[in-house]
Amino acid sequence: MTARLAYAFIGLGHLGGNLAASLLRNGFAVTVFDRDPSPIERLVALGATAARSPAEAVAHAGNAITCLPSPKVSEAVLTGPDGLLDGLPAGGTWIEMSTNGRDEILRLSALALAKGVETLECPVTGGVHLAAVGKITALVGGDAALYERHRPAIEAMCAKSFLMGPVGSAAVIKVITNMLAFIHLVAAGEALMLAKQGGLDLAQAYHAIVASSGNSFVHETESQLVLNGSYDIGFTMDLALKDLGFALAMGKDFGVPLDLATRVNAIFEQGKEAYGGDAWSTRIVKLLEDAVGAELRASGFPAKLEV
């Protein structure tokens, strides 16, 4: 039986903390680092080893996984003082689970390769609630043999994984899936408001849409948080705008007019102005609630998503 590889996990926020916990539950040796000490403490309690810097974390493990909020942060963690490239040995692997644009991951992977470090891009999709139970989906870009080498760890964190092609490919499909999710979220809010103003029972309308041709994954999940009133999706307006910006940039680069994405981006800009960049992205529906003067609420829906 092949020995399991060890990993350093950098970035232990809503998503990364759950992914690292899945590795630990599946018996992987994990060294962790984050600027916030509280998730480190939680993971140490699960069996992780704490490190004082990304370089120290990866020097113990030999392979790095990152899950970070922006390409700027990814670059700082990769190349900055006490960064990953100060500790990763030649022949090590950097698995980048953050959402990046294609140009960003190509540039960062080239910096890693110059130090003898190979890159797998591995953004995930499905939501924090699925990451918490190891049922999220991985979108992978990179060398097929490298993917197979790290597949046990990826499958420990994710129920499904798709090798999309070389590095850069996963960035394209991840941005596409997020673009669709934000479009669907705005559409779901409009649909529920039509139901509300049309005099329908919102709980019954929710279930009818789930069973209809108009259903979407976003309606099934995020509409529940709207109907509860918590909006607590674990994903912020700022992150939504980052990903929509990637989509619009790709549309420009690829010569594809993105009329819906452009309009939804403008709506999210309004949402950020109204509620702040740290507000949950699902609160975008509150713009419509405020405009109409009616709340979308129904009993029997959870404050947080559960599997």
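These are my notebook entries on the salt bridges I looked up in this predicted model.

**Entry 1, the overall search.** I started with the whole structure, and the search came back with 10 salt bridges. I picked out a few to look at by residue.

**Entry 2, the pair in helix α8.** I looked up Glu155 and found its side chain in a salt bridge with that of Arg151, at 2.9 Å from N to O. Both residues sit in helix α8, which covers residues 144–157. They are 4 residues apart there, about one turn of the helix. I then checked accessibility: Glu155 is partly exposed at 44% relative accessible area, and Arg151 is partly exposed too, at 28%.

**Entry 3, a link across the sequence.** Next I turned to Asp232, which pairs with Lys304; their closest N and O atoms are 3.7 Å apart. Asp232 belongs to the loop between α11 (217–228) and α12 (237–254), while Lys304 is in the segment after α14 (284–292), so this salt bridge ties together parts 72 residues apart in sequence. Is Asp232 buried or exposed? With a relative accessible area of 19%, Asp232 counts as buried, because the cut-off is under 20%. Lys304, at 52% relative accessibility, is exposed.

**Entry 4, Arg297 and Glu289.** I found a salt bridge here with the closest N and O atoms 2.8 Å apart. Arg297 is partly exposed at 27% relative accessibility, whereas Glu289 is buried at 4%.

**Entry 5, shared partners.** Last, I asked which residues are joined into one network by salt bridges that share partners. They are Glu148, Arg151 and Glu155, which takes me back to the α8 pair of Glu155 and Arg151.

Notes
Residues are numbered from 1 along each chain as its sequence is written. This is a predicted model: local features need pLDDT of at least 70, side-chain atom pairs count only at pLDDT 80 or more; totals for chains, interfaces and linings use all residues. Side-chain values use heavy atoms; hydrogens and water are left out. Buried means under 20% relative accessible area, exposed over 50%, partly exposed in between (1.4 Å probe, protein chains only).
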